[in-house]
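Reader: I am new to this structure and would like a friendly tour. Could you take me through some of its contacts?

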Amino acid sequence: MKPVGERDEGWFTSLYAAHYPDILRYGLRRLPDADAAAELAQDVFVVVWRRRGEVPERALPWLYAVARHTVANRWRHGRDAPTLLPLSEADQVPAGLVGPDAVAPVLDLRRALRALPEADQEILRLVGWEDLSVADAAAALGCTRSAAAVRLFRARRRLRSALATRPPRHDPRPASAHV
């Protein structure tokens, strides 16, 4: 990447091309529709241009932090408040692509995630969905790597606990099918 003084339109265009899809996917997983996700991505890159002197060499975690703050600010100011995508709908499995035995664990995972505090959900999303390292997740969250590692450890422990306490699933097959 170019030094801060040389962050011109070419620098911005290459950063945009490299990371717009990542930020769009981030929005698609957290917002109600593609238009809201595209608007979020556009807002993030407006901030990038305006604050281009602050963008670190490894920009993606910083971009995720800007996206998180943008979503939080919208919610705080009442704009788009009711339209945040519930975690249960964020990563739907298309019907017919997998059998019921494969879907049940996904549904259990979604239920367990919904039971966690938002902070736990976010660290798990950044590491699991966005495929960030702990160090990059820390940058996105605005904390130290150690703090992010502890948050991730605790979130994973709470997730395991939530998964272990899942309610029994009703088996729709007749009793004769279990023999």
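Author: What follows is a set of questions and answers about charges, burial and contacts. This is a predicted model, where local features need pLDDT of at least 70, side-chain atom pairs count only at pLDDT 80 or more, and totals for chains, interfaces and linings use all residues. Residues are numbered from 1 along each chain as its sequence is written, and side-chain values use heavy atoms, with hydrogens and water left out.

Reader: How many salt bridges does a search of the whole structure find?

Author: A salt bridge here is a side-chain nitrogen of Lys or Arg within 4 Å of a carboxyl oxygen of Asp or Glu. With that rule, the search of the whole structure gives a count of ten.

Reader: What separates D22 and R25 along helix α1?

Author: Helices are DSSP runs (H or I, at least four residues), numbered from the N terminus. D22 and R25 form a salt bridge, with their closest N and O atoms 2.5 Å apart. Because they sit three residues apart in helix α1 (residues 9-30), the separation is about one helical turn.

Reader: Is D22 buried or exposed?

Author: Buried means under 20% relative accessible area, exposed over 50%, and partly exposed in between (1.4 Å probe, protein chains only). Its partner R25 has 38% relative accessibility, so R25 counts as partly exposed. D22 has 15% relative accessibility, and therefore D22 counts as buried.

Reader: How many residues apart in sequence are the parts tied together by E130 and R30?

Author: The side chains of E130 and R30 meet in a salt bridge, at 2.8 Å from N to O. E130 lies in the loop between α5 and α6 (134-141) and R30 in helix α1, so the parts that this pair ties together are apart in sequence by 100 residues.

Reader: Which residues are linked with E130 and R30 in a network of salt bridges?

Author: Both E130 and R30 are buried. The network of salt bridges that links them also takes in R29, R68, E118, E122 and R125.

Reader: Which residue meets R58 in a salt bridge, and is that partner buried or exposed?

Author: The side chains of R58 and D136 meet in a salt bridge, at 2.5 Å from N to O. The pair links distant parts of the chain, 78 residues apart, with R58 in the loop between α2 (34-50) and α3 (59-76) and D136 in helix α6. R58 has a relative accessible area of 55%, so R58 is exposed. For D136 the relative accessible area is 11%, which means the partner is buried.

Reader: Which backbone oxygen does the side chain of Q121 reach?

Author: Q121 lies in helix α5 (residues 118-128). At 7% relative accessibility, Q121 counts as buried. Its side chain reaches, at 2.9 Å, the backbone oxygen of L116.

Reader: How far apart in space are V44 and A67, C-alpha to C-alpha?

Author: V44 is placed in helix α2, and V44 counts as buried at 0% relative accessibility. V44 and A67 are 23 residues apart in sequence, while their C-alpha atoms are apart in space by 5.9 Å.

Reader: What distance separates the C-alpha atoms of E6 and G53?

Author: E6 is found in the segment before α1. With a relative accessible area of 46%, E6 is partly exposed. E6 and G53 are 47 residues apart along the chain, and their C-alpha atoms are separated by 9.4 Å.

Methods: Helix = DSSP H or I, 4+ residues; strand = E, 2+ residues; numbered from the N terminus. Polar contact = N/O pair within 3.5 Å; in protein donor to acceptor, adjacent residues only side chain to side chain.
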